[in-house]
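Subject: Structure for your review

Dear colleague,

Please find below the structure that I am handing over to you. My notes on what was found in it follow directly after.

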Amino acid sequence: MNRPRTSLCAILGAAALVSSLAAAPTAFAAPAPETVKPLSTNATSAYAGSAEDQAANREFFDAVMKSALKKQAAQPGIQVVTVRYRTSRAPSFRGQISQSTQIWNSSVANVKLQETSTGGDFEYREGNDSRGSYASTDGHGHGYIFLDYRQNQQYNSTRVTAHETGHVLGLPDHYSGPCSELMSGGGPGTSCTNAYPNAQERQRVNSLWARGIDTLQDKGVLTKVR
């Protein structure tokens, strides 16, 4: 469900935590997909990934975490990191993005998503792409989640959005997982409507961002590994 296509940034001093990313599995049912733009003439967009995609997703997470923590480096004792995003380039999906944000903000404690009209750590975009939906970054803390029209009609649109947002928060794909696992993406088929991360996915995100916060507090600055 993702096809990032970028080079990526230098990792946080906490980069070791990212290399250990693994997927997880279980959750609740999500609302039916909302109506989006007409189908494109592209071939069917299906969830498909590769080891190369996984590496790019990890780098996207690195870029977003670095950007978010840098903005909050002057806040002693920070307990929650706020990741800000823009939706101006994905007007058809504002409902799904809002639902995805509510899902993630109610599921994890160490990082929160917040919409902003300017700046931000990443943005959502929409359009037609035969590769489907994906997360992409320029490697400098600025990236975007692309939401493909066709794929969002074939699969539950809120699940697609929440899944791609999961990459921003540090989760990799795990297509062989069950429907109850958000990061299983389209593996369970188009009938799967679950848009919630399971207990293991929630724990993984909390752990990743808690370690990022600890690194910021211990060092006082963001350090580059390379």
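**Contacts and overall make-up**

Among the contacts in the protein chain with a separation of 6 or more, 75% are accounted for by residues 24 or more positions apart; a contact here means heavy atoms within 4.5 Å. Please note that this is a predicted model, in which local features need pLDDT of at least 70 and side-chain atom pairs count only at pLDDT 80 or more, while totals for chains, interfaces and linings use all residues. Residues are numbered from 1 along each chain as its sequence is written, and side-chain values use heavy atoms, with hydrogens and water left out.

The protein chain contains 6 helices and 5 strands, arranged along the sequence as α-α-β-α-β-β-β-β-α-α-α. Helices (H or I, at least four residues) and strands (E, at least two) are DSSP runs, numbered from the N terminus.

As to the surface, the accessible area of the protein chain is about 9100 Å², and carbon and sulfur atoms contribute 49% of it. Accessible areas come from the Shrake-Rupley method with a 1.4 Å probe, and for residues only the protein chains shown count as cover. Of the 226 residues of the protein chain, 54% are buried. Buried means under 20% relative accessible area, exposed over 50%, and partly exposed in between (1.4 Å probe, protein chains only).

**Strand β3 and its partners**

Strand β3 covers residues 122-127, and 5 of its 6 residues are buried. Strand β1 (residues 81-89) runs parallel to β3 and is joined to it by 3 bridges; within this pairing, Tyr-85 has Phe-122 of β3 as its bridge partner. Strand β5 (residues 143-148) is also parallel to β3, with 6 bridges between the two, and Tyr-144 in β5 stands opposite Glu-123. Two strands are taken to pair if DSSP finds at least two bridges between them.

**The disulfide**

The count comes to 1 disulfide, the term being used for a pair of cysteine sulfur atoms within 2.5 Å. Cys-179 and Cys-192 form this bond, with an S to S distance of 2.0 Å. Both Cys-179 and Cys-192 lie in the loop between α5 (157-168) and α6 (199-219), so the pair ties together parts that are 13 residues apart in sequence. The torsion about the S-S bond is about 85°, and the disulfide is therefore right-handed. Cys-179 is partly exposed, at 28% relative accessible area, whereas Cys-192 is buried, at 4%.

Yours sincerely
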